[in-house]
Each structure stands twice: as C-alpha cells, then as structure tokens.
Amino acid sequence: MVNMWITIGKLAITGIASFLFFLVLFFVLQGKGSDGRGPELFGWTSYTILSNSMEPTFSAGDVVIMKKNEEPSIGDVVTFMAPERRLFTHRIIEKFESNGKTYYKTQGDNNNVVDEDPIVKEQIVGTHMFTIPKVGLVAEKINQPIGYGLLIVVPIAGYLLLSFYETIQKKRKEAS
C-alpha cells in the first residue's frame, strides 16, 4: 500500500515538475526582454505591460497577448514601435489618410492627451487579443535567483527525497 502511494507521489511530482519546467521556460522568455516583449509563436506574441497608461483595461504587470493584424480599426488596442525604438500599447482613437498613407492616432485609456505622433501600419507589431492579469509580475519574480530556486530545485529535491524513502522501504522489506 505504501509503495502505491510512493509511486503516485513520484508521478505527481514528475507531472508537477514538468508543468513547472514549461512554466519557468515561459516566464524566463517573457521576462528577458527589456521592453517587456515575450516569446513569439505563429504570429502571436506577448508583452508585459510596464505602465498604467491603459488602466482600467489592463495594468502594469499584466501580460497582453497580441496578434499581427493587417488592418487595425478604431478602438483596437495595438502595440507599436515608437520612433525612439520603444514599444507602447495604446488604443487607436482615430484613423486618417494623408499623402496616400494611412495614419493612426493613439492614446492610453488612462491618459488625458493623445499620443504626440500618429503612427503608420508598419509600426504596429500586434493587436490585443486577450490579457493574462499579473503574470508579468510573476515572471519578474521568477527571473530572480530565489525564483529559480523555488521552481526548479524544490521539485527536484522532492523527487529525490521520495526516491530515497522508497529505497529505504525496499531495504527494510528485504531485511525482514
């Protein structure tokens, strides 16, 4: 009976460790970019929100999942590369054409003023699809040494302790 529980415990720890491995991998990739940019997969990418300019839609520390959109519309929330090579995530509030080119005016939901420079489609790196609240804060904590320790070392230590306990139980059984 004890062996069955040990086997179940080892399977559970292996499953949890596998899940944590991929979770850590996601968080490490999410938190590596200084501009909050995460991994990109099949045209989908994630960004960690660094300011509260879009409250109440989302807050600093939230992760937004963006997808490349060829024709963004008024009201869409987009992430765009500003001329100073910084990423911003704001809402399109106006679309206009000038000299045969389409321009978009953007503004943060929590800002009182429209962004200074209108953007063009080529600056838009993605349109907001959904938000994962506060995951960016977790990614930041995991990227610290104590975060690595808790999410990698603890499951491995648990697995090794269970294996050690199982070995001791087998030796006791053989001795008796």
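**Close-up views of a predicted model**

**View 1. A stretch that is helix from end to end.** Over residues 146-165 the chain is 100% helix and 0% strand, and its end C-alpha atoms sit 27 Å apart. Keep in mind that this is a predicted model. The unreviewed UniProt entry puts the feature "transmembrane region" at residues 146-165, and also at 12-29.

**View 2. A nonpolar patch out on the surface.** Leu41, Phe42, Trp44, Met129 and Phe130 together make a nonpolar surface patch of about 570 Å². Zoom in on Phe42 and you'll find this residue in the loop between strand E1 (37-41) and strand E2 (44-48). Phe42 counts as exposed because its relative accessible area is 74%, and the cut-off for that label is over 50%.

**View 3. The largest nonpolar core.** Nine residues go into this one: Tyr47, Ile49, Met54, Phe58, Val64, Met66, Val77, Met81 and Leu87. Strand E3 (63-67) and strand E4 (77-81) are the elements that give two or more residues to it. Another core, of six residues, lies apart from this one, with Phe80, Ile92, Ile119 and Ile124 among its members. As a bit of background, nonpolar side chains tend to be buried together in soluble globular proteins.

**View 4. Ile49 and its neighbours.** Here's a closer look at one member of the nine-residue core. Leaving out residues up to four places away in sequence, Ile49 touches Phe58, Ser59, Ala60, Gly61, Asp62, Val64 and Thr89. Two of those partners, Phe58 and Val64, also belong to the largest core.

**View 5. Thr127, tucked into a strand.** Thr127 is part of strand E8 (residues 124-132). Is this residue buried or exposed? Thr127 is buried, because its relative accessible area of 4% falls under the 20% cut-off. Its contacts, not counting residues up to four places away in sequence, are Ile65, Met66, Lys67, Asn69, Pro72, Asp76, Val77 and Val78. Met66 and Val77 turn up in the largest nonpolar core too.

**View 6. Gly108, a buried loop residue.** Look for Gly108 in the loop between strand E6 (101-107) and strand E7 (119-120). Gly108 is buried, since its relative accessible area is just 2%, with under 20% being what the label asks for. Beyond residues up to four places away in sequence, Gly108 touches Ser53, Met54, His90 and Asp115; Met54 is one of the residues of the largest core. How far is Gly108 from Thr127, and what is the separation of their C-alpha atoms? Along the chain they are 19 residues apart, and the C-alpha atoms are separated by 14 Å.

How values were computed:
Residues are numbered from 1 along each chain as its sequence is written. This is a predicted model: local features need pLDDT of at least 70, side-chain atom pairs count only at pLDDT 80 or more; totals for chains, interfaces and linings use all residues. Side-chain values use heavy atoms; hydrogens and water are left out. Patches are made of residues with over 30% relative accessible area and no salt bridge: like charges are joined within 9 Å, nonpolar side chains (Val, Leu, Ile, Met, Phe, Trp, Tyr) within 5 Å. Accessible areas come from the Shrake-Rupley method with a 1.4 Å probe; for residues, only the protein chains shown count as cover. A salt bridge is a side-chain nitrogen of Lys or Arg within 4 Å of a carboxyl oxygen of Asp or Glu. Helices (H or I, at least four residues) and strands (E, at least two) are DSSP runs, numbered from the N terminus. Buried means under 20% relative accessible area, exposed over 50%, partly exposed in between (1.4 Å probe, protein chains only). UniProt positions are given in the numbering used here, feature names are shortened, and annotations may be inferred rather than shown by experiment. A nonpolar core is a set of buried Ala, Val, Leu, Ile, Met, Phe, Trp, Tyr and Cys residues joined through side-chain atoms within 4.5 Å. Contact means heavy atoms within 4.5 Å.
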